[in-house]
Amino acid sequence: MAASPGPAGVGGAGAVYGSGSSGFALDSGLEIKTRSVEQTLLPLVSQITTLINHKDNTKKSDKTLQAIQRVGQAVNLAVGRFVKVGEAIANENWDLKEEINIACIEAKQAGETIAALTDITNLNHLESDGQITIFTDKTGVIKAARLLLSSVTKVLLLADRVVIKQIITSRNKVLATMERLEKVNSFQEFVQIFSQFGNEMVEFAHLSGDRQNDLKDEKKKAKMAAARAVLEKCTMMLLTASKTCLRHPNCESAHKNKEGVFDRMKVALDKVIEIVTDCKPNGETDISSISIFTGIKEFKMNIEALRENLYFQSKENLSVTLEVILERTEDFTDSAYTSHEHRERILELSTQARMELQQLISVWIQAQSKKTKSIAEGLELSILKISHSLNELKKELHSTATQLAADLLKYHADHVVLKALKLTGVEGNLEALAEYACKLSEQKEQLVETCRLLRHISGTEPLEITCIHAEETFQVTGQQIISAAETLTLHPSSKIAKENLDVFCEAWESQISDMSTLLREINDVFEGRRGEKYGYLSLPKPMKNNANLKSLKPDKPDSEEQAKIAKLGLKLGLLTSDADCEIEKWEDQENEIVQYGRNMSSMAYSLYLFTRGEGPLKTSQDLIHQLEVFAAEGLKLTASVQAFSKQLKDDDKLMLLLEINKLIPLCHQLQTVTKTSLQNKVFLKVDKCITKTRSMMALLVQLLSLCYKLLKKLQMENNRWVSVTNKDTMDGKT
């Protein structure tokens, strides 16, 4: 997003919010390092736990023992990096310094213990067959692993408190500057303060953005996204609304317009703090209690539980639950925008559900007093009938809401009313203003009510929250457009008043576009094209005509296949740790080679988690998607390394190109494997893919190391040349 004209910092705030999150500002880089080390450290501890779960008489070959030693060393190395970050956090936060340092000392001791107990030079119990029994002190390894997990958890919890404190401090700075902006009287003073405000909003955007990415709860993540969306749009509104007030200080509508923006931003800032501190204000209700689809889902679960337990709950509770659901359908039947056919069908299905519940209760009572096959079959039939009726009701409600939304979006796609308000304002026509303001109010009420109906049938909590956000946005922005239009009509020659109205109209149009996307997502959930959670950001969208992916039907691997995949995954996990160590050496973390290397390491780590049945990749199809991106990222890396090689001398250039020429064919081979059908032999395909990925990661580690050394050499030569040149220049002057 390009920076908008105005004081420094204004465009930056919008750009940061628009892009989601591009990293912490100030000391918050510590949390990025902590999270990176945590991702490396905890899986390695898990590997130690796996290794110690063996029979006491298990004997291992030299190769396996070396792998065990590598795990121990990798854990100790990761702990060392973790402790450095922890100590840095402690030095910046004196109130937590003692607690963090104690936890860091415990972590360091545990890491060193694990390294010592997995060191094969300490295992001198050679058996007659030339093999060694591993872990002479199995209990010691277990204790060290537990201490390590405990101390790491302490550091991460304390670091989390630091980040929360940073966000609260940043919010307070923003609020303090906003108070100064509200009271400002001169344009010059406003420009200075707004420049500071823009910088503070950028900082808050980074902090809240990274916090949003870290949230595991999808509902909280959606709430944070909604609050940050408000702040993004209101930043520019605040600029134009405040400038309009300064230009027309006696205009009541201009002041009303500005106050509306300030109020909404304060609410959004408070909402972010509620989410990061996990504190709910008094009286806040859970939105799931007002969603019809959520109510139906819970009701069906309750009646289906009767199959296992006839005394699961009382008949009265079941009746009350259904009545609450059916009362909420009145939002549809009472709406002036619901068609007669839809209204009649909803009422008919509601009546049918009540009757079938009474029938279910009757059979239920009989089943409690006497158990016969016929009564059990009758209960099953009643459960199926009421479930079917509720499914039909869901379909009808979904059809009603989505059809209304689609028609409304289509009807208002050309934004005729907004264009008319702009023209009316420029002409200074107060009579026409009243007419079009009334039309916009009607449109606003339609959109607000439609969002309320969509919320009932959205299907997931994050989408419910998005519906509430859309409802609130239309409600507030509609009033602000009218007040902005009134200001322009009273001052038709005012350029700033016109710019202000344009900004609010753009926000309205943007929300209309967002509502269209929301409608598609709701339809996707209803039709089963999307699960309970949002798609993984690291995965590309599936291709429409990829027949190869259709052939990947799930098949259960045997124990031998599972063991093989797990072994490959373990080696892959170690290679990602090696790659991360190489990446950390680079001073310039923005270097393209580093960025592509980091991306590849992150994706390889997801593959490692997949082999353990963990992480974001849930199916073979997810895995194939990720591998396609991994191969593409590998080719991008080779292109960057080739560009870097042009700066080198012939010998160094040749050495680097030889390594690149090993990686390029592997990338192409991996792409070929992902597109090759193996007639449902999914695990054979997974095996080949992970083997190729492991080879690529091994080459990546070598490439990163070589590029780093050659870069350092190049910098030294350049510095020497500059030094000599400066000396010659000085001699010449002398």
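A residue is described here as buried when its relative accessible area is under 20%, as exposed when that value is over 50%, and as partly exposed in between (1.4 Å probe, protein chains only). The structure is a predicted model, in which local features need pLDDT of at least 70 and side-chain atom pairs count only at pLDDT 80 or more, whereas totals for chains, interfaces and linings use all residues. Residues are numbered from 1 along each chain as its sequence is written, and side-chain values use heavy atoms, with hydrogens and water left out.

The chain has 734 residues, of which 48% are buried. It contains 23 helices and two strands, taken as DSSP runs (helices: H or I, at least four residues; strands: E, at least two) and numbered from the N terminus. Contacts are defined by heavy atoms within 4.5 Å. Among contacts between residues at least 6 apart in sequence, 79% join residues at least 24 apart.

Confidence was assessed by pLDDT, the predictor's confidence in each residue, from 0 to 100. The mean pLDDT of the chain is 78, and 78% of its residues reach 70 or more. In two segments the value stays under 50: residues 125-134, with 25 contacts beyond four places in sequence in the model, and residues 531-557, with 47 such contacts. Where pLDDT is low, the predicted coordinates should not be read in detail.

Aromatic pairs were identified from the rings of Phe, Tyr and Trp (its six-membered ring) with centres within 6.5 Å; planes under 30 degrees apart count as stacked, over 60 as edge-to-face and the rest as tilted. The whole structure holds six aromatic pairs. One of them, formed by Phe-474 and Trp-508, is edge-to-face, with 5.2 Å centre to centre and 70° between the planes. This pair links distant parts of the chain, since Phe-474 lies in helix 16 and Trp-508 in helix 17 (residues 495-526), 34 residues apart. Both Phe-474 and Trp-508 are buried. Trp-586 and Tyr-708 form a tilted pair, 5.9 Å centre to centre with 55° between the planes. Here Trp-586 is in the loop between helix 19 (559-585) and helix 20 (592-611), while Tyr-708 is in helix 23 (residues 682-733), and 122 residues separate the two. Trp-586 counts as buried because its relative accessibility is 4%. In addition, Phe-187, Phe-190, Phe-194 and Phe-197 form one aromatic cluster.

Cavities were sought on a 1 Å grid over the protein atoms alone, each being a set of points where a 1.4 Å probe fits but cannot get out; lining residues have an atom within 4 Å of a point. Grid points are joined across faces, edges and corners, and a volume is the space filled by probe spheres set on the points. Five cavities of 30 Å³ or more were found, and the largest has a volume of about 50 Å³. Its lining includes Lys-233, Arg-264, His-469 and Gln-511. Helix 7 (218-247) and helix 16 (461-490) each supply at least two lining residues, and the largest share, five residues, comes from helix 7.

Two further buried residues were examined. Arg-81, in helix 3 (residues 62-92), counts as buried because its relative accessibility is 11%. His-415 lies in the loop between helix 13 (373-411) and helix 14 (416-427) and has a positive phi of about 55° although it is not a glycine. His-415 counts as buried because its relative accessibility is 15%.

How values were computed. On a 1 Å grid over the protein atoms alone, a cavity is a set of points where a 1.4 Å probe fits but cannot get out, and a pocket is an open set with protein on both sides within 12 Å along at least five of seven lines; lining residues have an atom within 4 Å of a point.
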